[in-house]
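Reader: Can you walk me through this model? I have some questions about its inside and its rings.

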Amino acid sequence: MPVIAWSKGLSVLSIDSEAPEELEPSVGPIPKEDPEYHPYHHPAAGWGAAKSVTQFLVRERELVDGPRAIMRMNHENTGFDCPGCAWPDDTKGLKLDICENGIKHVTWEMTRKRVERDFFAAHTVTELFEWSDFKLEDQGRLTEPMVYNPDTDHYVPISWKDAFELVGSTLRGLENPNQASYYTSGRLGNEATFLYQLMARELGTNNLPDCSNMCHEASGRAMTASLGTGKGTVDLKDWESADALFIMGVNAASNAPRMLTALAEAYHRGAQIVHINPLVEAAATRTIVPHDFMDMALFKTTKTSTLNLQVRIGGDLALLRGMAKAVIEESKLDPKALDKEFIDRHTTGFDSYRQLCESTPWEELERQSGVSRDDILKAARVYCDADRSIISWCLGLTQHEHGVDTVREIINLLLLRGNLGREGAGPSPVRGHSNVQGNRTCGIDHRPDDAFLDRLAEYCKIDPPREHGLDTIGTIQAMRRGDVKVFVGMGGNFALAAPDSPITYEALRNCDLTVQVSTKLNRSHLVHGRRALILPCLGRTEKDHQRKGIQSTSVEDSMSMVHMSVGMKRPASPHLLSEPAIVAGMARAALPASLTPWEWYIEDYDRIRDTMSQALDGFEDFNRRVRLPLGFRLKQPARELVFLTPSGGAEFSDAALPDVVPAPGTLALGTMRSHDQWNTTIYSDNDRYRGIKNLRELVFMNEDDMRERGISEFDPVDITSTARDGSHRYLNGYLAIPYDIPRGCAAGYMPEMNVLCALVDYSTQSDQPIMKHVKVTIEAAA
């Protein structure tokens, strides 16, 4: 039986017997001091965030440009959009619409450190592969294009012209265009995104995997099935007028810190705030919003919740169904508990759903959710008493086998009381990365619909392929088989973000060519194909000079607002190109006879936007509207109670309740970020909001589960995951931390724990890796 193991601080092991052989190094920075754990009882943000930001600015020596950037970040049409999360910009003209993690992200990008040709000459790829990921990114900004020399095991300089020709000649030499795959992370601006997908489709493939395939694919598929739209229907003004907010599967203080402002304001106006998560995170307790200077001066905290429910990992669907069951039961005493007029006029499938809820016993709902009937009824009471409710969620709900069903259950609950199409109500997914939603809107989709392709054909004069392409999991599988020979990554750190790390590494190394468009050195540059390119690009904070002057790009936030972003800083190197220019350079080299005016587009990005206004539904009059204060909001038919579903109405779903209770002796493990981390970028080995210092190779466990296994605090443990195909993966020597988490559940950090999620363990509903519900056993280390 195949076995994969990853040892703490030392190596990844991949074996086919009981005797491990060393294969790969660890991914995290190795602690330099003894680890510490002190449960966190302070408010989120506040002086803790201010201190952390100050220390970070000092460490990165950015005491001048850092504060300048803070004053320019998220300012309507005059500054740059935060490259961190996708939370919307403040609607009230707030001058400091920023957060701790956003400042760290920007400062990390603006570093004065440089990775130049002398650095690559001094270090082989084999040597660099042994470095931690923190140390790799901490070397600073990439400065010129580099190509891998297999004879010397070094990256060496290459001109942009020759780099583009290497890409172009390789793509032209493929037997068919589906032998290449074009990945993007969420940071890519709309203009570069549009050109990127246009290049791929003009070349003849829909192989356009993206980070959504690993994060919110379930959300898009669920909302499309239920409402006919893949996006949430609410905006920030709705958050400001909701009577009740339900926050599910998200650690807002780290993943969307500016949400804390909305939560504090909601509490002050008397709204009810219910957090549903296996862990009671800092954002679910209290906060001091840093730009509330009086509160900061007086150390005045504000509650950010009125109820916390600790659901078991994977139990959210059962909890939601319990709430729906309670609403339906309440309607027998008070008919107003259901919005029968809304249900009759705008929905289908209600009778079947009502029968399902009524027939599901409370005992089973309690068992699957891990929450008592009394507590479920408390949440239902909040929902019934509120005239307008918003339900918001993140990856804690989507990275499961039944993620689509769970998000559809959210829509079911909202439909029961007509919480759709009116102010202060509706579904609100929290996208985790700036412009990941814009990427999908502007064409990064391996399953494009015919309407989009028809417009692309008409206005861009190409013949786009119609068959579906590969997503992230499909791309890894195809690279491993040898069916995909070229991998192009626009941003991100694919090798570290993807599941089943050793298998992903093997797949990338099986390519003829890997191309990484990046700002900093990372693991994906060292896990490469037989030939490899590093193409350095401008950061979002930097000025983008083109023939017609300094250019701006646009981004879309998680609530469908599209707005401008303009860099403020001199580029880190004169040899950097913008992402649109890099895409155009690759496209021209790969498509020498193309009629697409690639060079003309790059002279003035308004020209790209003019084409986008024709080819993309909802982008009409793009150049004018994107320059309005706060930009413009893309139309959402479901917000207007127009449902583009087969029935023409919002559709109730009646999915069976999944069994998520772990088998005896096993635990359900979910991966997550630490606070001092953004996606795969790790700023330190600390996690302030969970009380951790100097440690990442850990696992959070329920104290009773630890006691049952004879494990004490900081004891080393061995973690074994069992995949769908029966194979096992190991993490050895991790330290156990007692934590307030339900029995049968455990948690730890990605990307270190990605190795536990097998490539075959992806949702059959969304094709997402099941990173929030890994079946594991944990034992004291031998």
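Author: Below we go through the cores, two helices, the aromatic rings and two polar side chains. The model is predicted, so to speak of local features pLDDT must be at least 70 and for side-chain atom pairs 80 or more, while totals for chains, interfaces and linings use all residues. Residues are numbered from 1 along each chain as its sequence is written, and side-chain values use heavy atoms, with hydrogens and water left out.

Reader: Start with the core. Which residues of the largest nonpolar core touch the most other members?

Author: Leu171, Tyr182, Phe194, Tyr196, Leu533, Leu535 and Met586, out of 61 residues. A nonpolar core here is a set of buried Ala, Val, Leu, Ile, Met, Phe, Trp, Tyr and Cys residues joined through side-chain atoms within 4.5 Å. Buried means under 20% relative accessible area, exposed over 50%, and partly exposed in between, with a 1.4 Å probe and protein chains only.

Reader: What does a second, separate core include?

Author: That core has 53 residues, among them Val382, Ile410, Leu420 and Phe643.

Reader: Back to Leu535. What does Leu535 touch?

Author: Leaving out residues up to four places away in sequence, Leu535 touches Pro145, Trp160, Ala163, Val515, Gln516, Val517, Ser518, Ile582 and Met586. Contact means heavy atoms within 4.5 Å.

Reader: Trp160 and Ala163 are in helix 7, I think. Which residues of helix 7 are buried?

Author: Both of those are, along with Phe164, Leu166, Val167, Gly168, Thr170 and Leu171. Helices (H or I, at least four residues) and strands (E, at least two) are DSSP runs numbered from the N terminus.

Reader: What span should helix 7 have?

Author: With 13 residues (160–172) at 1.5 Å a residue, 18 Å is expected, and the end C-alpha atoms are 18 Å apart, which agrees. The expected span is 1.5 Å times one less than the number of residues.

Reader: And helix 12, how many of its residues are buried?

Author: In helix 12 (residues 259–268), 7 of 10 are buried. They are Met259, Leu260, Thr261, Ala262, Leu263, Ala264 and Ala266. Gly270 follows the helix, with a positive phi near 95 degrees.

Reader: Rings next. How many aromatic pairs are there?

Author: The whole structure has 24. One of them is Tyr353 with Phe652, which counts as stacked because the planes are at 25 degrees, with centres 5.4 Å apart. Rings of Phe, Tyr and Trp (its six-membered ring) pair if their centres lie within 6.5 Å; planes under 30 degrees apart are stacked, over 60 edge-to-face, and the rest tilted.

Reader: Where in the chain are those two?

Author: Tyr353 is in helix 16 (residues 350–359) and Phe652 in the loop between strand 27 (650–651) and strand 28 (667–672), 299 residues apart. Tyr353 is buried at 0% relative accessibility, and Phe652 is buried at 8%.

Reader: Which charged end sits over the ring of Trp678?

Author: That of Arg673, 4.0 Å from the ring centre. Lys520 likewise lies over the face of Trp108, 3.8 Å from the ring centre. The test is NZ of Lys or CZ of Arg within 6 Å of the ring centre and within 35 degrees of the ring normal.

Reader: Gln677 is in strand 29. Is Gln677 buried or exposed?

Author: Buried, because its relative accessibility is 0%. A polar atom of its side chain lies 2.9 Å from the backbone nitrogen of Ser674, and one lies 2.7 Å from the backbone oxygen of Asn679.

Terms used
A polar contact is a pair of N or O atoms within 3.5 Å; within protein, one must be able to donate a hydrogen and the other to accept it, and residues adjacent in sequence count only if both atoms are side-chain atoms.
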